[in-house]
Amino acid sequence: MKAIVTYTDTFGGEANGAWVKRFEFTCNNNISTRAIVIRAKKLTGLTNYRSRSYDYGDSITIRPTGRNEMITVEFE
């Protein structure tokens, strides 16, 4: 399974898209949400920031606390 990571800024709490950085990595089908969040944060350089993550089944949204940025992970 391929995970596509999109890292962007926010405006008013929603994705703004003024700047976007994209990454991707491969993972197996039984990887945990926590492991995916850790890998996505490492790719984007946000490892040491607290965040809240929301798992929607087909995608994961990660919102770092105190930053106007967000990470979205989608799967193919």
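**Exercise 1. Find which residue meets R67 in a salt bridge, and say how each partner is placed.**

Step 1. The side chains of R67 and E69 meet in a salt bridge, at 2.8 Å from N to O. The model is a predicted one.

Step 2. Check the exposure of R67. Its relative accessibility is 27%, so R67 counts as partly exposed.

Step 3. Now check E69. Buried means under 20% relative accessible area. E69 has 13%, so E69 counts as buried.

**Exercise 2. Describe the surroundings of E69.**

Step 1. Place the residue. E69 is found in strand β5.

Step 2. Look at its side chain. It makes a polar contact with the side chain of Y7, at 2.7 Å. A polar contact of 2.8 Å also joins the side chains of E69 and R67.

Step 3. Widen the search, leaving aside neighbours within four places in sequence. E69 is then in contact with Y7, T8, D9, T10, W19, L46, R63 and P64.

**Exercise 3. Count the salt bridges, then trace the network that includes K2.**

Step 1. The count comes to three salt bridges. The pair R67 and E69 is one of them.

Step 2. Take K2 and E24. Their side chains meet in a salt bridge of 3.9 Å, N to O. The pair links distant parts of the chain: K2 is in strand β1, E24 is in strand β2, and they are 22 residues apart.

Step 3. Take E76 and K2. Their side chains meet in a salt bridge of 3.4 Å, N to O. E76 lies in the segment after β5 and K2 in strand β1, so this pair ties together parts that are 74 residues apart in sequence.

Step 4. Join the pairs. K2, E24 and E76 are linked in a network of salt bridges.

Step 5. Add the exposure. K2 has a relative accessible area of 29% and is partly exposed. E24, at 52%, counts as exposed. E76, at 61%, counts as exposed too.

**Exercise 4. Test whether the span of helix α1 agrees with its number of residues.**

Step 1. Helix α1 covers residues 33-44, which makes 12 residues.

Step 2. Work out the expected span. The rule is 1.5 Å times one less than the number of residues. For α1 this should give 16 Å.

Step 3. Compare with the model. The end C-alpha atoms of α1 are 17 Å apart, which agrees.

**Exercise 5. Sort residues of α1 into buried and exposed, and find what the buried ones pack against.**

Step 1. List the buried residues of α1. They are I36, V37, A40, K41 and T44.

Step 2. Ask where they sit around the axis. They cover an arc of only 130°, which puts them on the same side of α1.

Step 3. Recall the helix pattern. An α-helix has 3.6 residues a turn, so residues three or four places apart point the same way.

Step 4. Turn to the other side of α1. There, R34 and K42 are exposed.

Step 5. Name the packing partners. The buried residues of α1 pack against β1 (2-11), β2 (14-26), β3 (51-55), β4 (59-64) and β5 (69-75).

**Exercise 6. State what phi G45 takes.**

Step 1. Locate the residue. G45 comes just after α1.

Step 2. Read its backbone angle. G45 takes a positive phi of about 80°.

Key: Residues are numbered from 1 along each chain as its sequence is written. This is a predicted model: local features need pLDDT of at least 70, side-chain atom pairs count only at pLDDT 80 or more; totals for chains, interfaces and linings use all residues. Side-chain values use heavy atoms; hydrogens and water are left out. Helices (H or I, at least four residues) and strands (E, at least two) are DSSP runs, numbered from the N terminus. Buried means under 20% relative accessible area, exposed over 50%, partly exposed in between (1.4 Å probe, protein chains only). The arc is that of the directions from the helix axis to the C-beta atoms. Contact means heavy atoms within 4.5 Å. A polar contact is a pair of N or O atoms within 3.5 Å; within protein, one must be able to donate a hydrogen and the other to accept it, and residues adjacent in sequence count only if both atoms are side-chain atoms. A salt bridge is a side-chain nitrogen of Lys or Arg within 4 Å of a carboxyl oxygen of Asp or Glu.
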